[in-house]
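Good morning, and thank you for joining. I would ask you to look at the chain on the screen while I describe how its parts are arranged.

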Amino acid sequence: MRLSVDRERCCGAGMCALTAPGVFDQDQDSGRVVLLAAEPPAHFHKAARLAIQVCPCLAITEG
C-alpha cells in the first residue's frame, strides 16, 4: 500500500486522523492532513482504506 495526500484539497475535517491515527495526523496550525506513513505497515491497511472512504474532501489516495 502506498498513500498520498493532497493538502491543498484537505478541508481539515480530521476524519483521517480519527480513523487511522497511526497513519494520519492534523497540522496544528492549518488543521490539514499530515501523512505519517506513506507506506503503512499491513496492520494499518484496513484503517487507512477506511480513512480514504470517509474523507469528505477526497484528499487521500492509494496507489
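The buried residues of helix H2 are covered by several elements, including strand E1 (3–5), helix H1 (15–19), strand E2 (24–26) and strand E4 (60–62). I should say at once that this is a predicted model.

Which residues of H2 are buried? They are His45, Ala48, Ala51 and Ile52. Viewed down the axis of H2, these buried residues fall within an arc of 120°, so they line one face of the helix. The general background is that an α-helix has 3.6 residues a turn, so residues three or four places apart point the same way. On the other side of H2, Lys46 and Gln53 are exposed.

Two residues of this helix deserve a closer look. The first to discuss is His45, which lies in H2. His45 has a relative accessibility of 18%, and the cut-off for burial is under 20%, so His45 counts as buried. Leaving out residues up to four places away in sequence, His45 touches Met1 and Pro40.

The other is Val54, also placed in helix H2. With a relative accessible area of 31%, Val54 is partly exposed. Outside its neighbours within four places in sequence, Val54 is in contact with Met15 and Thr19. The C-alpha atoms of Val54 and Met15 are separated by 6.6 Å, although the two residues are 39 residues apart along the chain.

Let me turn to the core. The largest nonpolar core has 14 residues, and those with the most contacts inside it are Leu3, Cys16, Phe24 and Ile60. Helix H2, residues 45–54, supplies the largest share of this core, namely three residues.

What does Ile60 touch, leaving aside its neighbours within four places in sequence? The list is Ser4, Val5, Cys16, Phe24, Ala51, Ile52 and Cys55. Two of these names, Ala51 and Ile52, have already appeared among the buried residues of H2.

I now come to the charged pairs. The structure holds three salt bridges.

One of them joins the side chains of Glu39 and Arg2, at 3.1 Å from N to O. Glu39 lies in the loop between strand E3 (33–35) and H2, and Arg2 in the segment before E1, so this pair ties together parts that are 37 residues apart in sequence. Glu39 counts as exposed, at 57% relative accessibility, whereas Arg2 counts as partly exposed, at 43%.

Another salt bridge is formed by Glu8 with Arg32, whose closest N and O atoms are 3.6 Å apart. This pair links distant parts of the chain: Glu8 is in the loop between E1 and H1, Arg32 is in the loop between E2 and E3, and 24 residues separate them. Glu8 is exposed, with 65% relative accessibility, while Arg32 is partly exposed, with a relative accessible area of 28%.

In the remaining salt bridge, the side chains of Arg49 and Glu62 meet at 2.9 Å, N to O. Here too distant parts of the chain are linked, with Arg49 in helix H2, Glu62 in strand E4 and the two positions 13 residues apart. Arg49 counts as partly exposed at 37% relative accessibility, and Glu62 also counts as partly exposed at 37%.

Finally, I will place these details within the whole chain. How many helices and strands does the chain contain? There are two helices and four strands, and along the sequence they follow the pattern β-α-β-β-α-β. The radius of gyration of the chain is 10 Å, close to the 11 Å that the globule rule gives for 63 residues, so the chain is as compact as a globular protein of that length. Along its principal axes, the C-alpha trace spans about 30 × 20 × 15 Å.

As for burial, 32% of the 63 residues count as buried. The accessible surface of the chain comes to about 3800 Å², and 51% of this belongs to carbon and sulfur atoms. Among contacts between residues at least 6 apart in sequence, 57% join residues at least 24 apart.

To return to the starting point, H2 has its buried residues along one face, and what covers them includes E1, H1, E2 and E4. Thank you for your attention.

Conventions: Residues are numbered from 1 along each chain as its sequence is written. This is a predicted model: local features need pLDDT of at least 70, side-chain atom pairs count only at pLDDT 80 or more; totals for chains, interfaces and linings use all residues. Side-chain values use heavy atoms; hydrogens and water are left out. A nonpolar core is a set of buried Ala, Val, Leu, Ile, Met, Phe, Trp, Tyr and Cys residues joined through side-chain atoms within 4.5 Å. Buried means under 20% relative accessible area, exposed over 50%, partly exposed in between (1.4 Å probe, protein chains only). Contact means heavy atoms within 4.5 Å. The arc is that of the directions from the helix axis to the C-beta atoms. A salt bridge is a side-chain nitrogen of Lys or Arg within 4 Å of a carboxyl oxygen of Asp or Glu. The radius of gyration is taken over C-alpha atoms; the globule rule is 2.2 Å times the number of residues to the power 0.38. Accessible areas come from the Shrake-Rupley method with a 1.4 Å probe; for residues, only the protein chains shown count as cover.
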